[in-house]
Amino acid sequence: MTKTVTMARMNSRQRRKLFEQVAARDGLRCQVCNRVGTHLTLILDHRNNIPNDNQLDNLQLLCRRDNYLKNPRRSKNKYVVDQRELSQPRAASAEFVKNSVSEPLFCHFIDATMREDDRILYEEAINSGAQVAGISPVTAKRYLDKLCSKAGPYQVIYDDLADAKFVELKRGPVNLGPHLIGGPKGPKDEA
Ligand SMILES: [Zn+2]
């Protein structure tokens, strides 16, 4: 599979190496909330937010939630909540108000995360996204499944090596193969 993701800052091999060094120094835990994580759930973060400052002193591991909350790009939220819509009569429905705030937040979290990484663990996307948006994992799963539906920008794939489900950006029809969960059934992939 060809990688189309361009990482202007560090390539994935450098990233892995630096990740190991930081993990050896600090342990596999988030430096903000202290939550224990894994290679799949922790993000290598630049303390000063300068992406090419890869000195070890400037690197730390964060969980996705804290990485998202720290990220300066968070303010550039393209999912702007329409205040007029909130004042419509149907906004009287608490459920509607809740969705119109939490769903954009959740979507923005997923988008921001996917810009940093080319994939995210499915369960992690639900749990971290739920924390960020202040919703239940059940609601988060509903939002995520929408993003990963036919009309959405993402897809859920099963990675045999990692033995886990991941959310990835759709890469076009070529890659929408048999691993696409809920997608068209195809012959067993030899890869
Ligand atoms: Zn954390």
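The following exchange discusses a predicted model of a protein chain.

Biologist: How many helices and strands does the secondary structure of the protein come to?

Modeller: From the N terminus on, the elements run α-β-β-α-α-α-β-α-α-β-β. The secondary structure thus comes to 6 helices and 5 strands.

Biologist: What is the mean pLDDT of the protein, and which residues have values below 50?

Modeller: A share of 73% of the residues reaches 70 or more, and the mean pLDDT is 79. Residues 78-87 stay under 50, and the model has 12 contacts for them beyond four places in sequence. The pLDDT is also below 50 over a stretch with 2 contacts beyond near neighbours in sequence, namely residues 1-7.

Biologist: What percentage of the residues of the protein count as buried?

Modeller: Among contacts with a separation of 6 or more, 48% come from residues 24 or more positions apart. Of the 191 residues of the protein, the part that counts as buried is 24%.

Biologist: Which helix gives the most to the largest nonpolar core?

Modeller: This core has 23 residues, and Phe-106, Ala-125, Ala-133, Ala-140, Leu-144, Leu-147 and Val-167 touch the most other members. At least two residues each are supplied by helix H4 (94-116), helix H5 (122-133), helix H6 (137-147), strand S4 (154-159) and strand S5 (164-169). With 6 residues, the element that gives the most to this core is H5.

Biologist: Which residues are in contact with Ala-125, leaving aside its neighbours within four places in sequence?

Modeller: Ala-125 is one of the residues that touch the most other members of the largest nonpolar core, and Ala-125 is itself buried in H5. Leaving aside its neighbours within four places in sequence, the residues in contact with Ala-125 are Ile-110, Ile-120, Leu-144 and Val-167.

Biologist: Is H5 largely enclosed by the rest of the structure or largely open?

Modeller: The buried residues of H5 are Tyr-122, Glu-124, Ala-125, Ile-126, Ser-128, Gly-129, Ala-130, Val-132 and Ala-133. Just after H5, Gly-134 takes a positive phi of about 65 degrees. Because 9 of its 12 residues are buried, H5 is largely enclosed by the rest of the structure.

Biologist: Where do the buried residues of H6 lie, seen down the axis of the helix?

Modeller: The buried residues in H6 are Ala-140, Tyr-143, Leu-144 and Leu-147. Seen down the axis of H6, they fall within an arc of 100 degrees, so they line one face of the helix.

Biologist: What span should helix H1 have at 1.5 Å a residue, and how far apart are its end C-alpha atoms?

Modeller: Helix H1 covers residues 12-26, and just after H1, Gly-27 takes a positive phi of about 85 degrees. At 1.5 Å a residue, the 15 residues of H1 should span 21 Å, which agrees with the distance between its end C-alpha atoms, 20 Å.

Biologist: Which residue in S5 stands opposite Ile-120 and is also the bridge partner of Val-156?

Modeller: Strand S3 (residues 119-121) pairs with S5 in the antiparallel sense over 3 bridges, while S4 and S5 run antiparallel and are joined by 6 bridges. Ile-120 stands opposite Val-167. The bridge partner of Val-156 in S5 is likewise Val-167.

Biologist: Which residue takes a positive phi in the hairpin of S4 and S5?

Modeller: S4 and S5 run antiparallel, and the hairpin has 4 residues between the strands. The positive phi in this hairpin is near 55 degrees, and the residue that takes it is Asp-163.

Biologist: Which residue in S2 stands opposite Leu-42?

Modeller: S1 and S2 pair in the antiparallel sense over 5 bridges. S1 is largely enclosed by the rest of the structure, because 4 of its 5 residues are buried. Apart from the largest nonpolar core lies another core, of 7 residues, and Leu-42 is among them, as are Cys-30, Leu-44 and Leu-61. The residue in S2 opposite Leu-42 is Cys-63.

Biologist: Is Asn-34 buried or exposed?

Modeller: Asn-34 lies in the loop between H1 and strand S1 (42-46). Although it is not a glycine, Asn-34 has a positive phi of about 70 degrees. Because Asn-34 has 9 C-beta neighbours inside 10 Å, it counts as exposed.

Biologist: Is Asn-49 buried or exposed?

Modeller: Asn-49 is found in the loop between S1 and strand S2 (59-63). Its phi is positive, near 65 degrees, in a residue other than glycine. Asn-49 has 12 C-beta neighbours inside 10 Å, so it counts as exposed.

Definitions and conventions
Residues numbered from 1 in each chain as written. Predicted model: local features only at pLDDT ≥ 70, side-chain atom pairs only at ≥ 80, totals over all residues. Core = buried A, V, L, I, M, F, W, Y, C linked by C-beta atoms within 7 Å. Buried ≥ 20, exposed ≤ 12 C-beta atoms within 10 Å, placed from the backbone. Contact = placed C-beta atoms within 7 Å. Arc of directions from axis to C-beta. Expected span 1.5 Å × (residues − 1). pLDDT = per-residue confidence, 0-100. Pairing = 2+ DSSP bridges.
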